[in-house]
Amino acid sequence: MRITTTVDGTSYTDEVEPRMLLVQYLRERLGKVGTVVGCDTSNCGACTVHLDGQSVKSCSVLAVQADGREITTIEGLADDGELHPLQQAFHDNHALQCGFCTPGMIMQALDLLKENPDPDEDEVRSGLEGNLCRCTGYQNIVKAVRAAAEQMPSAARQADVPQEPVTASMPSEVSQS
Ligand code: FES
Ligand code: FES
């Protein structure tokens, strides 16, 4: 099936199998390997991206379901080489060890802060309950999200509001070679 998506501000058109998962499409076709697979069973949240501005676990979405839609991955958050405030807060608060959960944590935290710009500790924990971390014990993740909330202007919370996409000139599997 032929799909057209906008991923991190660039438009892509590709032929995909109906069974291809969105996370496979992002990683294997577009090379967006910042989005990772921790379980493949919708449990860990490591694969979280935004679909039309809302967080989804991309291992539980088919690529064809993203047709005509806007996707933001962790790779689309930095602005001209400058880390997004949430990325910076995770760095500053030592909110990662192995880092495997971090892309999904940050994408889910961004969704949380759009809904609730000033969450307390319980609200952060509740908002991130679908994202698992095997390393940190979560304490510094909660600190990082609350620190980012203090620093983030509303524009940064809306980082994935659809913008005019840049159109890829060739199908992605060609343009990657
Ligand atoms: S890889 Fe998607 S939830 Fe674990
Ligand atoms: S930092 Fe290792 S899984 Fe979260």
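**Close-up 1. Aspartate 40, a partly exposed loop residue with a positive phi.** In this predicted model, aspartate 40 has a relative accessibility of 45% and so counts as partly exposed, since that class lies between the buried limit of under 20% and the exposed limit of over 50%. You will find aspartate 40 in the loop that runs between helix 1 (22-29) and strand 3 (48-51). Its phi is positive, about 75°, although aspartate 40 is not a glycine. For context, most residues other than glycine have a negative phi.

**Close-up 2. Aspartate 8, in the loop between strand 1 and strand 2.** Here is another aspartate to look at: the phi of aspartate 8 is positive, near 50°, and this residue too is not a glycine. The loop that holds aspartate 8 joins the stretch from strand 1 (2-7) to strand 2 (10-15).

**Close-up 3. Helix 2 and its buried face.** Leu86, Gln87, Ala89 and Phe90 are the buried residues of helix 2. Looking down the axis of helix 2, these buried residues fall within an arc of 160°, so they line one face of the helix. A reminder that helps in reading this view: an α-helix has 3.6 residues a turn, so residues three or four places apart point the same way. Helix 3 and helix 5 are among the elements that cover the buried residues of helix 2. Just past the helix, have a look at histidine 94, which follows helix 2 and has a positive phi near 50°.

**Close-up 4. The largest nonpolar core, with 24 residues.** Within this core, Leu86, Phe90, Met105, Leu113, Leu128, Ile141 and Val145 touch the most other members. The elements giving two or more residues to the core are helix 2 (85-92), helix 3 (102-115) and helix 5 (139-151). Helix 3 supplies the largest share, seven residues. Apart from this core lies another one, of 15 residues, including Val7, Val49, Leu51 and Ala63. As a general backdrop, nonpolar side chains tend to be buried together in soluble globular proteins.

**Close-up 5. The second largest pocket and its lining.** This pocket holds about 200 Å³ of space. Its lining is made up of Gly38, Cys44, Ala46, Cys98, Phe100, Cys101, Leu132, Cys133, Arg134 and Cys135. Sorted by class, the lining has eight nonpolar residues, one polar residue and one charged residue.

Notes
Residues numbered from 1 in each chain as written. Chains lettered and ligands numbered in written order. Predicted model: local features only at pLDDT ≥ 70, side-chain atom pairs only at ≥ 80, totals over all residues. Heavy atoms only, no water. Core = buried A, V, L, I, M, F, W, Y, C linked by side-chain atoms within 4.5 Å. Buried < 20%, exposed > 50% of the residue type's maximum accessible area, 1.4 Å probe, protein only. Helix = DSSP H or I, 4+ residues; strand = E, 2+ residues; numbered from the N terminus. Arc of directions from axis to C-beta. Contact = heavy atoms within 4.5 Å. 1 Å grid on protein atoms, 1.4 Å probe; cavity = no way out; pocket = protein on both sides within 12 Å on 5 of 7 lines; lining within 4 Å. Points joined across faces, edges and corners; volume = space filled by probe spheres on them. Nonpolar A, V, L, I, M, F, W, Y, C, P; charged D, E, K, R; others polar.
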